[in-house]
Amino acid sequence: MKSETDFFHALIEEIKVLKTRPEISLSEIPAPQRLAPFAYAVSADLSLSSSQSDDDDDIATGRFVLLHDPDGQEGWSGKYRCVTFVRAAIDNEMAADPMLCNIGWTWLMESLKKNGCDFTAPSGTVTKVASASFGTLENLDEDSELEVRASWTPTSGDNIGSHVKAWVELLEMSAGLAP
């Protein structure tokens, strides 16, 4: 019989072998240690440049954290919790759309559904930010960003890779990439 540690490591391996489009680089990052007995985290950067090392060309970035508590946690309504973040540069016209926040949340819910993710207790926020520069910075272009912070509880540890795929799709949609 597999131990909880072995089972969690198998889930991590499922995440590590995920393939993404060439514009996206996934990297393992330190996971929060106090939220659950088991945690794993990855970051994603979406860049349209040929050099993945040039941060100035990143048009979207995000984090995915998988938490697991074998005893469950009341606030999660289960034994697992996916905690995610996506931030993407968007054009100013898109930022002016009064429905943008609703659209951002819909992208996440549709991605989870499309990838066959069984989950409960979704929560999160969608924020749009528009910036204009003044004074000695007035020569800078106006810019806008969309941020989606979300969490949900997978109903089981099965198919965790699909939850990560849904998050990657949210990153792609937020950045305006075609499917």
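## Report on a sheet and its packed helices

In this predicted model, strands β3 and β4 pair in the antiparallel sense, and ten bridges hold the pairing. Within that pairing, Val65 has Val83 of β4 standing opposite. The hairpin that β3 and β4 make has four residues between the strands, and one residue of this hairpin, Ser77, takes a positive phi near 65°.

These two strands belong to an open sheet of six strands, whose order is β1-β2-β3-β4-β6-β5 and whose pairing is antiparallel. The edges of the sheet are β1, which covers residues 24-29, and β5, which covers residues 119-131, and each of these edge strands pairs on one side only. On average, and with direction ignored, neighbouring strands of the sheet are turned by 15° against each other.

Three of the pairings are set out below, each with a residue pair from the two strands.

| Strand pair | Sense | Bridges | Residues opposite each other |
|---|---|---|---|
| β2 and β3 | antiparallel | ten | Leu46 and Ala60 |
| β3 and β4 | antiparallel | ten | Val65 and Val83 |
| β4 and β6 | antiparallel | nine | Cys82 and Trp152 |

Strand β2 spans residues 38-47 and strand β3 spans residues 58-73. Cys82 has its bridge partner, Trp152, in β6.

Helices lie against this sheet. Helix α1, made of residues 4-16, lies across β1, β2, β3 and β4, the last of these being residues 78-90, and α1 runs at about 5° to β2. Helix α3, made of residues 100-114, also packs on the sheet, where it touches β4, β5 and β6 (143-154), and the direction of α3 makes about 145° with that of β5.

Helix α1 has a helix as a packing partner as well, since α1 and helix α4, which holds residues 160-174, pack at an angle of about 40° with their axes 8 Å apart. Because of that angle, α1 counts as oblique to α4. The crossing of the two helices, α1 and α4, is right-handed. On the side of α1 the contact is made by Leu11, Glu14 and Ile15, while Ile160, Gly161, Ser162 and Val164 make it on the side of α4. Sorted by class, the residues in the contact of α1 with α4 are four nonpolar, two polar and one charged.

Two single residues can be followed in more detail, beginning with Ala44, which is found in strand β2. Is Ala44 buried or exposed? Ala44 counts as buried because its relative accessibility is 0%, and the limit for that class is under 20%. Leaving aside neighbours within four places in sequence, Ala44 is in contact with Ile24, Ser25, Leu26, Ala60, Thr61, Gly62, Trp167 and Leu171. Ala44 and Arg63 stand 19 residues apart in sequence, and their C-alpha atoms are 6.2 Å apart in space.

The second residue is Gln73, which lies in strand β3. With a relative accessibility of 25%, Gln73 counts as partly exposed. Again leaving aside neighbours within four places in sequence, Gln73 is in contact with Leu35, Ala36 and Gly78. From Gln73 to Leu35 there are 38 residues in sequence, and the distance between the two in space, C-alpha to C-alpha, is 9.9 Å.

How values were computed
Residues numbered from 1 in each chain as written. Predicted model: local features only at pLDDT ≥ 70, side-chain atom pairs only at ≥ 80, totals over all residues. Heavy atoms only, no water. Pairing = 2+ DSSP bridges. Axes fitted to C-alpha atoms, helices over the stretch in contact; angles between N-to-C directions. Contact = heavy atoms within 4.5 Å. Buried < 20%, exposed > 50% of the residue type's maximum accessible area, 1.4 Å probe, protein only. Parallel < 35°, antiparallel > 145°, perpendicular 65-115°, else oblique. Left-handed = near helix turned anticlockwise from the far one by under 90°. Nonpolar A, V, L, I, M, F, W, Y, C, P; charged D, E, K, R; others polar.
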